[in-house]
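Dear colleague,

Please find below the structure that I am handing over to you. My findings follow directly after it.

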Amino acid sequence: MRETHTVISLGLLLFLCYGLSPQAAAAPPSQDPLWKKAWRQLRSKETAERYKAIHWLSQQPEPLATKLLIQATKHGDPGTRWWAVTALRARPKPAALRGLFRALLRDTSERVRINAVMALLQQKDWAAIVTWKKKKLPSVRSVICLERVRQKRNNPNALVSCLRDRSALVRIQTARLLLKLWQPTSPFAPLRSMAQKVVASGVR
């Protein structure tokens with residue numbers, strides 16, 4: 001019984017996320033010529049055609065555009081998934097896509113993961129990514145640290161952990177941006193000395 005309930009729940013989740021069953025996905029979701037063209041382009045083997053479709057969909061306010069962009073985040077090509085995430089970040093209600101962005105933190109492409117991190121940071125969804133800063137690639141941790149500085153989050157402990165990160169990339173990029181934005185009244189003014197030492201130490 002539990003297994004049956006799990007299967008049903010999973011099927012419902014997929015329906016809510018994608019709006020189309022696997023059978024329905026085999027046919028255009030609309031008979032409108034422009035939508036049919038975008039649907040065909042998304043399924044094209046040509047990268048340029050898929051990009052054209054995503055660009056066109058990003059300019060359409062209809063919910064159907066969001067559904068097709070969500071489907072594009074499952075494409076086998078990392079570049080296509082990255083474009084789709086970028087387009088979804090600009091949708092009118094990106095907060096409704098928070099679950100999708102969280103799932104994309106596990107994408108096999110580093111570029112897609114970083115884009116998902118940026119989407120969650122854009123929504124200030126720190127709870128979803130706080131554990132990723134320690135576990136994932138330096139480039140992802142760097143994005144998170146830099147966004148903390150840009151948003152002037154008055155959390156010295158978090159910034160100290162960035163300045164002490166095991167990756168020189170994270171430490172130096174954080175320190176440089178912190179110093180660039182530093183002002184006497186800055187919430188992270190006490191960290192100026194530490195940032196200067198990080199920059200002076202270079203990649204050691």
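The notes below concern two helices and the nonpolar cores.

This is a predicted model, in which local features need pLDDT of at least 70, side-chain atom pairs count only at pLDDT 80 or more, and totals for chains, interfaces and linings use all residues. Residues are numbered from 1 along each chain as its sequence is written, and side-chain values use heavy atoms, with hydrogens and water left out.

Helices are DSSP runs (H or I, at least four residues), numbered from the N terminus. Helix H3 covers residues 47-58; at 1.5 Å a residue (times one less than the number of residues), its twelve residues should span 16 Å, which agrees with the 17 Å between its end C-alpha atoms. Buried (under 20% relative accessible area, 1.4 Å probe, protein chains only) in H3 are Arg50, Ala53, Ile54, Trp56 and Leu57. Seen down the axis of H3, these residues fall within an arc of 165 degrees (taken from the directions from the axis to the C-beta atoms), so they line one face of the helix. They pack against helices H2 (33-42), H4 (63-72) and H5 (78-89).

In H5, the buried residues include Arg81, Val85 and Leu88. Among the elements covering them are H3 and H7 (110-122).

The largest nonpolar core (buried Ala, Val, Leu, Ile, Met, Phe, Trp, Tyr and Cys residues joined through side-chain atoms within 4.5 Å) has 31 residues, with Ile54, Leu57 and Leu88 among those with the most contacts inside it. H7 gives the most to this core, with seven residues. Apart from this core lies another, of twelve residues, including Leu146 and Ile172.

Yours sincerely

Conventions: Helices (H or I, at least four residues) and strands (E, at least two) are DSSP runs, numbered from the N terminus. Buried means under 20% relative accessible area, exposed over 50%, partly exposed in between (1.4 Å probe, protein chains only). Contact means heavy atoms within 4.5 Å.
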